[in-house]
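The exercises below are meant to be worked with the sequence and the coordinates side by side. Try each task before reading its solution.

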Amino acid sequence: MNTASRILRLGRVGRQQLQVNVLKRRLQSTYTQPATGVNPAYDEALKVLDAYKTKKAAEAEAAAEGLKRAQESGESAERITELKKKWFDLAVESEIRDPEVLWNARNGKFDLSRPVYQHLKEKAWLARPLEVLMQRLLQMFVLPDLLDPRVVGTPEAQLNIAMSGESVIEPGSIIDPSNAREQLDIELVTFHEDSRLHTLAMIDLDEPFEEQQTFREQFHWIVSNVPFSMNQIKADIGAGNVLLPYIPPHPAKGTPVHRYAVVALEQPENGQQRIDSADVSRDMVLRDFVAQHSLRTVGISFFRASWNESVDAVYREVLNLPPPSYGQMPIPDKTIGPDGRRINLYEHY
């Protein structure tokens with residue numbers, strides 16, 4: 001049920017609960033309204049804003065009622081989409097000039113159950129964060145090493161990576177591998193109300209490939225059927241299907257800094273088709289996996305890590321392998337023979 005429908009279904013008890021929720025939101029905000037009665041011009045401006053807000057809120061409620069009638073009468077999908085947009089735009093316009101709303105947005109406090117904050121969150125994402133993300137994806141060759149940038153285009157959802165209990169990792173940041181020993185926390189802000197299923201994948205782009213003396217992709221984690229919507233931005237891994245269990249980053253000793261990408265892939269049929277099982281392996285190629293299951297990349301971010309002593313514990317305790325060590329091949333000493341004894345260079349003279 002969308003927000004407009006919920007508004008219309010509120011009875012007296014529902015309205016009381018809504019007032020309680022509004023009070024809770026105000027208690028969570030640290031906004032302090034400037035004192036009135038000091039500046040007459042400011043007081044008059046508040047009256048104008050309140051009158052405009054009341055007018056637009058009434059128009060938004062009327063648009064919500066029109067949307068409900070259209071849904072009940074079975075009008076076309078195009079008409080429903082048009083009416084939803086009309087309601088959403090009016091709901092945003094009714095609060096977009098509210099000083100508290102603008103203050104909360106500037107300070108990163110977004111109540112994504114309200115259209116105005118959805119609009120402001122998307123506006124904030126399309127500004128600096130998306131610009132920085134794209135710059136680093138291209139500058140550090142995550143694109144095109146992982147995916148074709150012509151196909152991916154501009155990510156339409158904001159994907160945030162965080163380690164347990166920590167703040168969001170800035171795209172391209174170098175982290176201590178030990179901090180990612182536990183499964184990562186993923187957020188995906190999709191900017192749409194309907195719930196859609198996604199596949200999350202974490203890939204190391206710089207796994208050594210000894211046979212060809214190069215590097216290749218290694219999958220660290222794949223989870224399908226993870227639902228996301230504007231009202232559900234945190235990844236509920238328990239609701240999905242784990243196709244490959246999580247293994248921590250383990251950049252081998254002697255290798256360059258590794259790039260670890262996390263991608264959110266919308267599943268077919270506008271995110272409604274489930275993927276309950278799939279033939280996957282840790283050394284497959286993401287492009288092939290995406291093509292095979294008709295997935296669409298909607299979100300991406302990455303971090304970097306290099307070897308330290310904690311990585312060896314991952315090899316021993318998680319992978320049950322001896323920790324590898326890479327480096328340049330030693331230059332053979334031509335004065336030492338196969339038996340390890342020094343060759344007499346003058347024995348034939």
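**Exercise 1. Determine whether A105 is buried or exposed, and list its contacts outside its own stretch of sequence.**

Solution. Begin with the relative accessible area of A105, which is 17%; because buried means under 20%, exposed over 50% and partly exposed in between (1.4 Å probe, protein chains only), A105 is buried. Next, place the residue: A105 belongs to helix α5, where helices (H or I, at least four residues) and strands (E, at least two) are DSSP runs numbered from the N terminus. Then search for contacts, that is, heavy atoms within 4.5 Å; with neighbours within four places in sequence set aside, A105 touches F110, Y117 and L120. Finally, a distance check gives 9.7 Å between the C-alpha atoms of A105 and V116, which are 11 residues apart along the chain.

Two conventions apply throughout: residues are numbered from 1 along each chain as its sequence is written, and side-chain values use heavy atoms, with hydrogens and water left out. The model is predicted, and for that reason local features need pLDDT of at least 70 and side-chain atom pairs count only at pLDDT 80 or more, whereas totals for chains, interfaces and linings use all residues.

**Exercise 2. Find which residue pairs with E95 in a salt bridge, and explain what the pair ties together.**

Solution. A salt bridge here is a side-chain nitrogen of Lys or Arg within 4 Å of a carboxyl oxygen of Asp or Glu. The partner of E95 is R114, with the closest N and O atoms 2.4 Å apart. Since E95 lies in helix α4 (residues 77-95) and R114 in the loop between α5 (99-106) and α6 (115-126), the bridge ties together parts that are 19 residues apart in sequence. As to accessibility, E95 is buried at 13%, and R114 is buried at 19%.

Helix α4 itself can then be checked: its 19 residues reach 28 Å from the first C-alpha to the last, close to the 27 Å expected at 1.5 Å a residue, the expected span being 1.5 Å times one less than the number of residues. Among the buried residues of α4 are W87, L90 and E95.

**Exercise 3. Describe the salt bridge of E187 with K234, and state which residues Q158 contacts.**

Solution. The closest N and O atoms of E187 and K234 are 2.9 Å apart. This pair links distant parts of the chain, with E187 in strand β2 (residues 185-189) and K234 in the loop between β4 (214-228) and β5 (241-244), 47 residues apart. E187 is partly exposed at 21% relative accessibility, while K234, at 56%, is exposed.

E187 also appears among the contacts of Q158, which, beyond four places in sequence, include K121, W125, L188, V189 and F191 as well. Q158 sits in strand β1 (residues 158-162) and is buried at 11% relative accessibility.

**Exercise 4. State how many salt bridges the structure holds, and where pLDDT stays under 50.**

Solution. The structure holds 18 salt bridges, and E156, D194, R196, E266 and R296 are linked in a network of them. For confidence, use pLDDT, the predictor's confidence in each residue, from 0 to 100: the protein averages 89, and 90% of the residues score at least 70. Over residues 10-16 the score stays under 50, and the model has two contacts beyond four places in sequence for this stretch. Where pLDDT is low, the predicted coordinates should not be read in detail.
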